[in-house]
Amino acid sequence: MDKDKRSTGYSLSVNDTSHEISKSWLGESLLYVLREKLGLYGSKNACEQGECGSCSVLMDGVLVCSCLVLAANATGRDIKTIESISDDDSLTDVQKAFVDAGAIQCGFCTPGLLITIHDFLETNPEPNVLEIREAISGNLCRCTGYGRIVEAVQIVSKQKSVGQGGSDDSS
Amino acid sequence: MTVVKETVGIRQSGIGVSAVRPDAQEKVKGDFIFSSDLSSEGMLWGQTLRSPHASAKILSIDISDALSISGVHAVLTADDVPGENIFGLERADQPVLADDFIRYAGEPVAIVAADHPEVARKAADAIRVEYEIFSPLVDSYAAITAEAIHPEGNVIRHLNILHGDTEVVGDVVVEGEYEVGMQDQAFMGTESGMAIPSPDGSINLQISTQWLHSDQEQVATALNMPMEMVRVTLAGVGGAFGGREDVSMHVHLCMLALHTGKPVKMIYDRNESFLGHVHRHPARIWYRHHASSEGLLVKVEAKVILDGGAYASTTSAVLANACCFSIGSYSVPNASVEGWGVRTNNPPCGAMRGFGNVQTCFGVEAQMDKLAKELSLDPVEFRLANALKSGDTIITGQKITGTAPVREVLMSLANHPLPEPPSDNILERPGGTGRTTDGSHVKRGVGFAASIKNLMFSEGFDDFSEARCIVNDGFIAIQTACVEVGQGFVTLVHQIVQEILGIEKVDILPADTSIGSAGSTSASRQSWMSGGAVMKACEAVVDSLISDLSNEQGITFERIGTVLVAPDGSASIPVTDALQGRNYDETVVHRHAPTVPLDKNGQGDAHVSFAFAAHRAVVDVDEELGLVRVVEIATSQDVGRVLNPIQARGQIEGGITQGLGLAILEEIVLVDGKIQNANFTDYLLPTAMDTPTIEIAALIEEPEPNAPFGAKGIGEPPVISSTPAVVAAIRDATGLDLNRVPIRPEDIALG
Amino acid sequence: MEFHIASSTEEICSLLAEDPTREILAGGTDFMVEVNFRQKDPSAVIAIDRVPELKQWRHDGDAVSIGSCVTYREIERGPLSTIVPALAQSARTVGSPQIRNIATIGGNLGTASPAGDMIPVLLALDARVTIRSINGSRDVAIDDLITGVKETSLADNEFIEVIKVPILKGPQEFLKVGPRNAMVISIASLAMVTDPEQTTVAIALGSVTAAPSRAREAEEYIQGFLDWDAMTVSSSALPDFRRLVAEASSPINDHRSSAAYRTHAVGVLGQRALLRIFESRDDG
């Protein structure tokens, strides 16, 4: 590794694009840099202590709270944010289920929950309700009481289990 | 992941259909712009310096060090407030920036603008303030008679309600004292916004709020600017629940922007958010209930003290609700209720979902259970026997002229099946992932509670909303100043337009102060008020259309559904077709029936309409450790008419979860007026693991006369009786009194 | 700003030797909260979370050696969850899934919070911590490493390298009380581990003492009432056992809980842990 990173910036790979981040205050979190330096406002700041999950992103494929990642320490890692999970004109199955199930009210927690649920369903495509609830226990929602969110995950899970029977899956 | 090649379209969806939110697509893609996501070329970051002391006198403020920091553009204090250094929702009693006395810990003292948020924070740290520190007044009871901490005195409102024979005594009398802790709205998106100065000296404020026009008026006064020079535009709101009804950073942002000539953005962090908005009033309540031996209520006596904290905010109206509805959803011929809303050096309290009804509902429902027990009656039967009905008179002397299906609400809930017995999975027992509780430690309890909520503003307030419907050759736009906070008003606008005009594609113009006020998004009022205004604006377009058609064709059509029909049935045309090629622009103001202030005995037709709900909670309790798992909450609610089933369910589930939070988790802990837990590690919101399955036993649809589409507001009732239902269930499991919420583990374990 | 990403333990040693004021960043879940809440303003930081040897664990005879940057998630879900079950049980109660994905065992020790959920488990297991610096290594016990509330015996030029955890054959339990069912700071916790070969029970308490603490009197007391063949405990011993566990605590009153409740709760947890491992036996 570089012996000394004094007085230099660093690069961040976010959604498959490399960005040069100019030096600034060392304490900047990945969340701050994503939002205020890269204009990726989809990741939300609601607590800055890892309690709410609104800032969830994937870092090298691992679900993390971007508020708890020192931005400078995200260099050399692959960051994926809510902005990357679907194209301009499409929705993922989970996004679609959120819309249909009424899982959105104010929507502030929504991006973080979507990142979390996408990650969760990758490893556990057919979860039971308790598993869903534990998986999203790090994502606080103040509007919905979680009922419609759990419902949305179940919708996707059911689709996936039906999908294994051979229906079209364009992932 | 699976990609669905489909985007969200607006469905065929008049009133009563589960229409999809028009902002859903933006929200799931992370594209929806919340107030914290605003950005502008060359913008500065604002920061607030707040008092660490709850009661103090400012002796001096030295900003020189702060100003000398590179990157700092402005440091402003009370001396820099251009207009009146005072604001407030019901009465102006709060300084924009403290100029002499500090009355709560967290009161703003100075503001900073800098080119980086950390520079702004360091500059705020560098401001040197010398305080003379006093012992804070933090006891709400003592505050009634204590030396005044504010020129307007400590008693913000003292209210008496005397109804019927206040001397009568019942065969059975039960007494109780109850206490409610300070709850926080804890909306996910903290306070944030941006002020942008214009070359003409005017200012544009983009902010997350609940009431644009109230903000505009308070900001203009503080800035000493004409109203039209202060334009307030709604920026995306990350939840509200009452906590955005008051002005927070609004004036500060505008001062910094006007001073620097640059856009200024501010975001409170979570810690500051706890200091930056009002909370639910802590309450101390005493009750004495009288009933006949046959089980009918004879009289209710109550005393209520609400701690308003340092400034008035909406304390007067919250107190009125707490007192007017202190008897709950029951018919009582005689009552004597006395309430005080007082000022202390605690953080200011004001609006939160449920608005006063929450506090007394907790007490009165406990009293109803006590009475039922004393009378050896089933708690539900006892409530049914005393339930209010349409035509009854409440303790303010007001006759209920609308619907009051309290019996239907209670009976449908009581008939709903109970959930399965306790789970075998340790994670589904009290304590959850902490693995504390074995099956043998679990006791199950079931509790009932019911509630009443007044809809819309009360006591003579001129409550109105304005809406504009623009039709331009098949293109339709709706404008209001109604604030969308997540409740789904934007969906309802589409549904109303579709219901009346049959038009699928609707543009909702930005909510701002270029149209008349919509009032606040609070008091369960916007479906009725702004929904009503949108309905009338659409109807005004139809009326103009009919008038034009009459002039052109000599036929006076009438609208049936979304079709215009000739009276003799000889001709008909869909409204959408008839509008082709035509332009209309109709603005309508909608008012509800007038109300009057309460008189000196607390009597008068002060309220507009009433909504009722009941909740049944099932809990598993680990008595020895005092841990609780809420297994299920079932509810029935009086809704008038369901406008959008899925949004109604969302409001109900979310509201109940906030009620659960107050019952067992959520409290702002204060020591000498200072918040001990201004963060989400220690202010505990329910997680998905704490939230039960929510069963809707019934939504009672008895259309409310005079309500647009017959619909009652549904936002607040879920939060009111869910708290006492959970507590009743814990009492059922433990046999403890539990007279204070939130219930802590030690209240059960050491109780 | 000065920021280093270390790639080896040797590099950490030399970076710390060069300037001992440089701060260690592991998972960052405590570090960044302090930064975000303005309790820390970092000026020079060494990130150690990419050092391969710190991210691994291996069997080491009768113990497992866990690198300080092994995450809670790996302990919760990976093979370690069956090797040191109480450690996995404690890992599962820490924060959110997001936090467990990145927070590390070494960080939990380095933060040295009385509410650190892995600390009682490691203490009960008599885990040893390898402390490393340019001057070499030293092994310390958990209660020699953590000396008080957020206080450790680490010198400025030292860092936590490995945690050596003995593998015991007997049942283990971790129980934690918090008002919420998930994602909650402990207000009382207890770890109990058993070693049928040595016929010993070890008990350590969390959130009820300033520094990590065993309930040694309770451990010794209960010895005489255990039947290791039948895995039973005399019911007559339970009240005194529970009292002794509670008496091993010296909790504080704070906004999370009263001291009285913490004392009560830890006694209850002790009894429950014991009865999950040993069936109650009525000696008449």
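Modeller: Let's fix the terms first: a residue is buried under 20% relative accessible area, exposed over 50%, and partly exposed in between. Keep in mind that this is a predicted model.

Biologist: Fine. Why does Arg649(B) count as partly exposed?

Modeller: Arg649(B) comes out at 25% relative accessibility. That value falls between the 20% and 50% cut-offs, so partly exposed is the right label.

Biologist: And what makes its pairing with Glu653(B) a salt bridge?

Modeller: The side chains of Arg649(B) and Glu653(B) come to 3.0 Å, N to O. The cut-off is 4 Å between a Lys or Arg nitrogen and a carboxyl oxygen of Asp or Glu, so the pair qualifies. The two are four residues apart in helix H15 (residues 645–664) of chain B, so about one helical turn separates them.

Biologist: Buried or exposed: which is Glu653(B), and why?

Modeller: Glu653(B) has a relative accessible area of 3%. The limit for buried is under 20%, so Glu653(B) is buried.

Biologist: How do you know that Glu76(C) and Arg100(C) form a salt bridge?

Modeller: Their closest N and O atoms are 2.8 Å apart, and the rule asks for a distance within 4 Å. Glu76(C) is in helix H3 (residues 72–77) of chain C and Arg100(C) in helix H6 (residues 97–100), so the bridge ties together parts 24 residues apart in sequence. Glu76(C) and Arg100(C) are both buried.

Biologist: Which residues are joined into one network by salt bridges that share partners?

Modeller: Glu118(B), Arg121(B), Lys122(B), Asp125(B), Arg38(C) and Asp41(C). Over all chains, a search of the whole structure turns up 79 salt bridges.

Biologist: What makes Glu365(B) and Arg383(B) another such pair?

Modeller: Again it's the distance: the closest N and O atoms of Glu365(B) and Arg383(B) are 2.9 Å apart, against a cut-off of 4 Å. Glu365(B) lies in helix H9 (residues 357–374) of chain B and Arg383(B) in helix H10 (residues 379–386), so parts 18 residues apart in sequence are tied together. Both partners are buried.

Biologist: Now Arg629(B). Why is Arg629(B) said to have no salt bridge?

Modeller: The nearest side chain of opposite charge, Glu428(B), is 4.2 Å away. A salt bridge has to be within 4 Å, so this pair doesn't make it. Arg629(B) is buried all the same. Arg629(B) sits in strand S28 (residues 627–638) of chain B, and its contacts beyond close sequence neighbours include Glu428(B), Arg429(B), Asp620(B) and Asn181(C).

Biologist: How do you know that Trp228(C) is buried?

Modeller: Trp228(C) has 16% relative accessibility, and under 20% counts as buried. The residue is in the loop between strand S15 (226–227) and strand S16 (232–234) of chain C. Among its contacts are Thr194(C), Pro196(C), Val201(C) and Phe278(C). Phe278(C) is 50 residues away along the chain, yet the two C-alpha atoms are separated by 8.5 Å.

Biologist: Why is Thr29(C) called buried?

Modeller: At 12% relative accessible area, Thr29(C) is under the 20% limit, so it is buried. Its place is the loop between strand S2 (23–25) and helix H2 (31–36) of chain C. Setting aside close sequence neighbours, Thr29(C) touches Leu68(A), Ile99(C), Ile102(C) and Ala103(C).

Biologist: What about the other end of the scale: why is Asp88(A) called exposed?

Modeller: Asp88(A) reaches 73%, and over 50% is exposed, so the label follows. Asp88(A) is in the loop between strand S5 (78–80) and strand S6 (91–92) of chain A. Together with Asp89(A), Glu26(B) and Asp31(B), Asp88(A) forms a negative surface patch.

Biologist: What makes the backbone of Leu738(B) worth a look?

Modeller: Leu738(B) has a positive phi of about 50° and isn't a glycine. Most residues other than glycine have a negative phi, and most peptide bonds are trans. Leu738(B) is also buried, with a relative accessible area of 9%.

Biologist: What kind of peptide bond joins Val741(B) and Pro742(B)?

Modeller: A cis one, with omega about 0°. Pro742(B) is in the loop between strand S32 (740–741) and helix H18 (745–749) of chain B.

Methods. Residues numbered from 1 in each chain as written. Chains lettered and ligands numbered in written order. Predicted model: local features only at pLDDT ≥ 70, side-chain atom pairs only at ≥ 80, totals over all residues. Heavy atoms only, no water. Buried < 20%, exposed > 50% of the residue type's maximum accessible area, 1.4 Å probe, protein only. Contact = heavy atoms within 4.5 Å. Patch = residues over 30% accessible without salt bridge, like charges linked within 9 Å, V, L, I, M, F, W, Y side chains within 5 Å. Areas by Shrake-Rupley, 256 points an atom, 1.4 Å probe, with all protein chains shown as cover. Lys, Arg positive; Asp, Glu negative; His and termini not counted. Charge placed at Lys NZ, Arg CZ, Asp CG, Glu CD. Lists of a residue's contacts leave out its neighbours within four places in sequence.
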